[in-house]
Every structure is written in C-alpha cells, then in structure tokens.
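User: Hi there! Could you walk me through this fold with a few questions and answers?

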Amino acid sequence: MNRSLRVGLTGGLASGKSTVARWVREAGFLVIDADELVAELHRPRGAGAAAVRDLFGPDFLTEEGGVDHAKVAARVFSDPQARRALELAIHPLVRIRFAEIAEQTQGVVVLEATLLVEAGYAPEFDFIVTVECDAEARLRRAVARGMDAASARARLLAGGDGEERRRAAHRLLDNCCDLPFLRTQVDELIVELRRLAEEV
C-alpha cells in the first residue's frame with residue numbers, strides 16, 4: 001500500500017477554508033475536519049473529555065460525561081493560559097487520530113484545522129495550504145453568519161496574526177475577492193495535489 005499524501009488545510013476564522021475543503025472533497029479527496037475529531041474525543045468516555053475533566057474539573061462536563069462546550073469556550077476564550085493548556089492536551093490526541101486515518105488511506109488525505117501550524121502539526125504534512133483574507137473581512141463574514149461581534153473578535157485575536165501559518169504554507173489561496181477567483185485557485189491546487197500524490 002502506497003503512503004498517502006498528507007495535506008494540511010488551514011486559515012483563520014471565516015477565511016473560507018471550509019469552502020475549499022468542500023471543493024477538495026468533491027474532487028474525490030478524503031477530508032478530515034479537525035473539529036469533528038475533537039467532537040469525537042469530547043464525547044462521553046472520550047480521551048478529550050477526560051483531558052477537560054483533568055484540566056478544569058468535572059463541572060466542565062455534561063451529566064452524560066461529555067464536554068460542556070459552552071462552559072469550556074467561555075473559559076478558554078477569556079483565559080489565554082487555559083486555552084493553551086487545553087490545546088496542549090487535545091492537539092496530540094487529534095494528531096494521533098489523524099495519523100491512524102492517514103495510515104489506512106491511499107491518495108490524498110486532508111486535515112482541515114485552524115491552528116494546524118501553530119499547534120506544531122506542520123512537520124507531519126507533505127503539503128500545507130492556507131486560505132487567507134484580511135481580518136476585517138473575516139470579522140464581517142463571521143458576524144454575517146450569526147456570531148456576535150465580541151466573540152468573533154476574541155476568536156480572531158486567539159488565532160494570532162497568521163504570519164506563522166503563511167510562512168509554513170506551500171500554497172496560499174487568496175480569498176479576498178469573489179468565489180470564482182477562489183475556485184480557480186482551488187482547481188489549480190487539485191491538479192497539483194493529484195500530481196504530488198503520484199510521486200509519493
């Protein structure tokens with residue numbers, strides 16, 4: 001069995017990475033959403049739920065034993081040290097789960113994750129793609145989707161300025177214009193990923 005081509009897809013809040021992930025999935029590539037892996041880990045009796053309990057106490061779990069997402073979000077987005085502690089506990093679990101999936105996959109396998117580079121995942125990927133747009137446009141998009149402005153600003157700040165992910169990326173997709181412009185870039189990316197997968 002040939003090794004898969006491991007692709008990291010990243011970008012800040014409301015950058016358009018989920019749109020890119022959908023198009024890449026439609027091209028036939030396996031796309032794993034890191035948030036879905038986290039949700040799996042946060043279920044009752046999951047390793048992520050145990051990590052949250054150990055970090056913050058049982059009050060941050062639901063009656064069923066899963067993670068109380070509202071309580072955890074309120075804690076970590078107002079306390080940078082708590083957020084960092086949670087990331088240090090959860091990110092290794094996500095990496096392990098993604099590696100397990102990638103080992104069983106041929107061709108291109110993509111992990112969509114906001115803090116992919118910042119969490120230290122970059123060395124484990126063959127190719128990193130970041131979707132970029134300026135912060136004010138991303139803020140407007142997040143609010144238009146129903147997020148309140150204060151929460152959106154807090155999440156933008158928590159994501160940093162993006163310089164680290166841009167430096168690590170092999171390909172930068174510009175989503176400051178319209179969807180057809182982004183689609184053209186993604187079509188070119190799909191061709192490139194197919195070529196790279198054949199060389200692995």
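User: Which strands does helix α2 lie across, and at what angle does α2 run to β2?

Analyst: Happy to help, and please keep in mind that this is a predicted model. Helix α2 covers residues 34-41 and lies across β2 and β3. Its direction relative to β2 is about 55°.

User: Which strands does α5 touch, and what angle does α5 make with β3?

Analyst: Helix α5 packs on the sheet as well, where it touches β1 (5-11), β2 and β3. Its direction and that of β3 make an angle of about 165°.

User: In what order do the strands of the open sheet come, and which are the edge strands?

Analyst: The open sheet has 5 strands with parallel pairing, in the order β2-β3-β1-β4-β5. A strand at the edge pairs on one side only, and that applies to β2 (30-33) and β5 (171-174). The edge strands are therefore β2 and β5.

User: Is α4 parallel, perpendicular or oblique to α5?

Analyst: Helix α4 (residues 69-76) and helix α5 (residues 80-103) pack with their axes 7 Å apart, at an angle of about 125°. Roughly perpendicular ends at 115 degrees and roughly antiparallel starts over 145. The angle falls in neither range, so α4 is oblique to α5.

User: Why is there no bond between the sulfurs of Cys133 and Cys176?

Analyst: Cys133 is buried, at 8% relative accessible area, while Cys176 is partly exposed, at 40%. A disulfide needs cysteine sulfur atoms within 2.5 Å. The sulfur of Cys133 has its closest cysteine sulfur in Cys176, too far for a bond because the distance is 3.3 Å.

Terms used
Residues numbered from 1 in each chain as written. Predicted model: local features only at pLDDT ≥ 70, side-chain atom pairs only at ≥ 80, totals over all residues. Heavy atoms only, no water. Axes fitted to C-alpha atoms, helices over the stretch in contact; angles between N-to-C directions. Helix = DSSP H or I, 4+ residues; strand = E, 2+ residues; numbered from the N terminus. Parallel < 35°, antiparallel > 145°, perpendicular 65-115°, else oblique. Buried < 20%, exposed > 50% of the residue type's maximum accessible area, 1.4 Å probe, protein only. Pairing = 2+ DSSP bridges. Contact = heavy atoms within 4.5 Å.
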